[in-house]
Amino acid sequence: MHTGKNNDTTDHQQSAGARWRLAVADENPLQIVGAVNANHALLATQAGFQAIYLSGGGVAAGSLGVPDLGITTLQDVLIDVERITNVCDTPLLVDADTGFGPSAFNVARTVKALIKAGAAAMHIEDQVGAKRCGHRPNKELVSKQEMADRLKAAVDARTDAQFAIGARTDALANEGLDRTLERAAAYAAAGADFIFAEAVSDLTQYRAFADATGLPVLANITEFGMTPLWTVTELAAAGVALVLYPLSAFRAANQAASTVYTHIRKDGTQQQVLDSMQTRSALYESIGYHRFERKLDELYGNND
């Protein structure tokens, strides 16, 4: 289990992309959980997950308090990526939306910047720049060729050959399965490392994507959307290689925060919700507080 850069020098010597590919090979299907900040990245790692995820919707809502409607910038994402990778070696998959720019050079800049920031993998999607949540209506797509060109630019820009580039397609809702499979095959030919089929509502469709592309397929098992909450066992039987839970912990944390705020405001005390809180000792354990404190003592302890 990857516990962080300070404790795992062997993993740190490998590229992030190489660690991603090892995780994919080691666990089938690979469970990937969303971590909206560095603290959650540590908690996910400590829970045993071999890969974590930074959601574009999580950056928008969690860091900026805005909807996931193409409002965030590459810099917004990089800030959160670097905060996570500075404390955690667990390979990080990053939602790069549409590549953060209209041209091949913008996409290339995104890839190079994410690799430099310590990301292990990314995915880009075939929506227009003013993108929408994948489980909302009225999504607009770019052409199959334009998306293939985005992927070619991304693959060409890699400075780490092991860095994984996924192709997300939102075409199912608009174009149906057959045309979406054509898109996926074109994306595979353009150099994608895996296919992310968004808003799947029929379990058998995942096998169709795998057969059409010969690539690992990612299933986005997000709550309150169009995709049922299939189990890992069910997804494995359908040929899924990567299972993503993008905002599960974020949603739970938000609900918990809302409950705590309500009780403090209403009751004038947090006493009634203490049992729902992480303890001080548990937080210190998670972030390695005592290790840092011991280092301070070593550096600045009494030398008399």
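Q: Exposed means over 50% relative accessible area; what makes E298 count as exposed in this predicted model?
A: E298 has a relative accessible area of 60%. That value is over the 50% cut-off, so E298 is called exposed.

Q: Why is K295 called partly exposed?
A: The partly exposed class runs between the 20% and 50% cut-offs. K295 stands at 46% relative accessibility, so it falls in that class.

Q: How do you know that E298 and K295 form a salt bridge?
A: The closest N and O atoms of this pair are 3.9 Å apart. A salt bridge needs a side-chain nitrogen of Lys or Arg within 4 Å of a carboxyl oxygen of Asp or Glu, so the pair qualifies.

Q: Where do E298 and K295 sit?
A: Both are in helix 13, which covers residues 289-300. Three residues separate them, about one turn of the helix.

Q: Which residues do salt bridges with shared partners join into one network?
A: That network consists of E125, K139, R168, D170 and E198. The structure as a whole holds 13 salt bridges.

Q: What makes E146 and R150 a salt bridge?
A: Their side chains meet at 3.8 Å, N to O. This is within the 4 Å limit, so the name applies. In general, side chains of opposite charge can pair when their charged atoms come close.

Q: How far apart are E146 and R150 along their helix?
A: They are four residues apart in helix 7 (residues 144-157), which means about one helical turn between them.

Q: Buried or partly exposed: how are E146 and R150 classed?
A: R150 has a relative accessible area of 10%, which is under 20%, so R150 is buried. E146 has 37%, between the two cut-offs, and is therefore partly exposed.

Q: How do you know that R179 and E175 form a salt bridge?
A: The N to O distance between their side chains is 3.9 Å. Being within 4 Å, this pair counts as a salt bridge. The two residues belong to helix 8, four residues apart, or about one turn of the helix.

Q: Why are R179 and E175 given their exposure class?
A: R179 is at 49% relative accessibility, and E175 is at 21%. Both values lie between 20% and 50%, so both residues count as partly exposed.

Q: T180 also lies in helix 8; why is T180 called buried?
A: Its relative accessibility is 0%. Buried means under 20%, so T180 is in the buried class. The helix that holds T180 spans residues 172-189.

Q: Which residues does T180 touch, leaving out those up to four places away in sequence?
A: T180 touches T169, A171, L172, E175 and F209. E175 is also the salt-bridge partner of R179.

Q: What makes the link between T180 and G176 a polar contact?
A: The side chain of T180 reaches the backbone oxygen of G176 at 2.6 Å. The cut-off for a polar contact is 3.5 Å, so this distance fits.

Q: How does the radius of gyration of the chain compare with that of a compact globule?
A: For 304 residues, a compact globule would be near 19 Å. The chain has 20 Å, which agrees.

Q: What else describes the chain as a whole?
A: The chain contains 13 helices and eight strands. Of its 304 residues, 47% count as buried. It exposes about 14800 Å², with carbon and sulfur atoms supplying 51% of that area.

Notes: Residues are numbered from 1 along each chain as its sequence is written. This is a predicted model: local features need pLDDT of at least 70, side-chain atom pairs count only at pLDDT 80 or more; totals for chains, interfaces and linings use all residues. Side-chain values use heavy atoms; hydrogens and water are left out. Buried means under 20% relative accessible area, exposed over 50%, partly exposed in between (1.4 Å probe, protein chains only). A polar contact is a pair of N or O atoms within 3.5 Å; within protein, one must be able to donate a hydrogen and the other to accept it, and residues adjacent in sequence count only if both atoms are side-chain atoms. Contact means heavy atoms within 4.5 Å. The radius of gyration is taken over C-alpha atoms; the globule rule is 2.2 Å times the number of residues to the power 0.38. Accessible areas come from the Shrake-Rupley method with a 1.4 Å probe; for residues, only the protein chains shown count as cover.
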